[in-house]
Amino acid sequence: MAKKTVADIDVNGKKVLMRVDFNVPLDENRNITSDARIVAALPTIKTILDKGGCVILMSHLGRPDGERKPEFSLAPVAKKLGELLNKNVIFANDCIGQEVKQKAAALRPGDIMLLENVRFHKEEEIKDKKAVEDPKLRKAKDDFARQLAELGDVYVDDAFGTTHRDNASMYTVPEMMKGKDKVIGFLVEKELKFLGDALNNPKKPFVAILGGAKISDKLKVIENLMKKVDCILIGGAMAYTFFKAQGYTVGDSLCENDFIDKAKELMALAQKGGCELVLPLDNVIVQKIEANAASQISDDNIPAGWHGVDIGPETMTLFVKKLEGAKTVVWNGPMGIFEMPPFDAGTKAVAQAVAKATGAGAVSVIGGGDSVSAIKKLGLSKRVSHISTGGGASLEFMEGRKFKCLEILDEK
Ligand code: 3PG
Ligand code: MG
């Protein structure tokens, strides 16, 4: 059943406690380098304000591990949000306590307040499994969550990037708000629609592209996708583990030797299940990993002293061909060291092929920090169907996991 959204409830005159994922990248001067996650939450925020509610936003930023560390303050985000909304955003310099309570009580319809980083309190990240086993942890997590829960008349989850976490503000807070509306925002709705439709209701042919450094991070994704897709294109350093599993040498390339048997298992599983696992035919190799390093193309064993840094030209042609005519595409992870030109050629070729397939009617969903940066860097953001705001969350979604914090929210 579908989840209720902000559009389904009355927020007029109410204090709406909304969890967002404003975990944005900052440079050394604490300037926000991508405001994508803030922009993505604006439709929900604006709707609540327009409908006469006031908004109390909670988020984490980075991993301050329960300590108040100024470099993880959400203050720059409050400023950015104010600019984007062209409106004063009240910033509370903690997320719980007397001052926050007073500030929340004083809010009027149309007001908006951002609370300081919830991860400045270690209770936020107490794992629910641990809290179940240890009464002291349970109490600590509950006491923290209760103070947040008491701030709102309504709970909204628009923090897609954090939906794979059972953090207090994601799970314990809505669980405590019994008898109150607990709904998703438009961003979570959109993410669930694109990722959910792609995985559960795909138009065929369905092609998945997986890259990035480690096969160990994506084992479950590969296993789950195999049941759904026609073909999986494998690039990036994770391909070298498969390469070795096929009996080739990989020189000094990144390779997870502990996962070679697993790679063999996956290849056998794909063959049995009728899913085509497409591995690189050739690789760009270098002796020194640096921009514009002298490179060679290798379509065989990678010699000692050499590192694979990108898929080779034959592989690019093959991957582009596999994407022609695709009707559903999901992509997570770059094909090579794309931040180091010219070893971005494979990622570029794949990105362009995904954009082309989208233009011809495919639904394309891009997840994961690096493939998203690649698409943006290439100026192709508008030529794909959906760019997920979730890295870990979109991967876990592709693993077929259920998100505990969404399960407890109201159904239509
Ligand atoms: C993310 O960027 O992955 C989310 O904001 C979640 O953050 P986390 O991985 O530190 O829990
Ligand atoms: Mg993460």
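Guide: Proline 205 is found in the loop between H7 and strand S7 (206-210). This is a predicted model, in which local features need pLDDT of at least 70 and side-chain atom pairs count only at pLDDT 80 or more, while totals for chains, interfaces and linings use all residues. Residues are numbered from 1 along each chain as its sequence is written, chains are lettered from A and ligands numbered from 1 in the order in which they are written, and side-chain values use heavy atoms, with hydrogens and water left out.

Visitor: What makes H7 a helix and S7 a strand in this numbering?

Guide: Both are DSSP runs numbered from the N terminus: a helix is a run of H or I of at least four residues, and a strand is a run of E of at least two. H7 covers 186-200 and S7 covers 206-210, so each meets its minimum length.

Visitor: What is notable about the peptide bond from lysine 204 to proline 205?

Guide: That bond is cis, with omega near -5°. Most peptide bonds are trans. The bond from proline 341 to proline 342 is also cis, with omega near 5°, and proline 342 sits in the loop between strand S13 (328-332) and helix H12 (345-359).

Visitor: What is the phi of aspartate 65, and where does that residue lie?

Guide: Its phi is near 55°, a positive value in a residue other than glycine. Aspartate 65 lies in the loop between strand S2 (54-58) and H2. Most residues other than glycine have a negative phi.

Visitor: Why is the pairing of glutamate 83 and lysine 80 called a salt bridge?

Guide: The term requires a side-chain nitrogen of Lys or Arg within 4 Å of a carboxyl oxygen of Asp or Glu. Here the N to O distance is 3.9 Å, so the pair qualifies. Both residues lie in helix H2 (residues 75-85), 3 residues apart, about one turn of the helix. The structure holds 25 salt bridges.

Visitor: How do you know which residues surround ligand 1?

Guide: A residue is near a molecule if one of its heavy atoms lies within 4 Å of it. The shell consists of Asp21, Asn23, Arg37, His60, Arg63, Arg119, Gly161 and Arg165. By class it has no nonpolar, 3 polar and 5 charged residues; Ala, Val, Leu, Ile, Met, Phe, Trp, Tyr, Cys and Pro count as nonpolar, Asp, Glu, Lys and Arg as charged, and the others, Gly among them, as polar.

Visitor: What makes the approach of asparagine 23 to ligand 1 a polar contact?

Guide: A polar contact is a pair of N or O atoms within 3.5 Å. A polar side-chain atom of asparagine 23 lies 2.9 Å from an oxygen atom of ligand 1, so the pair meets the limit. Polar side-chain atoms of arginine 63 and arginine 165 lie 2.7 Å and 2.5 Å from an oxygen atom of the ligand. Taken alone, ligand 1 exposes 310 Å², of which the protein buries 85%, with areas from the Shrake-Rupley method and a 1.4 Å probe.

Visitor: Why is one space called a cavity and another a pocket?

Guide: On a 1 Å grid over the protein atoms alone, a cavity is a set of points where a 1.4 Å probe fits but cannot get out, whereas a pocket is an open set with protein on both sides within 12 Å along at least five of seven lines. The count comes to 1 cavity of 30 Å³ or more, and the largest cavity has a volume of about 40 Å³. The largest pocket holds about 630 Å³.

Terms used:
Polar contact = N/O pair within 3.5 Å; in protein donor to acceptor, adjacent residues only side chain to side chain. 1 Å grid on protein atoms, 1.4 Å probe; cavity = no way out; pocket = protein on both sides within 12 Å on 5 of 7 lines; lining within 4 Å. Points joined across faces, edges and corners; volume = space filled by probe spheres on them.
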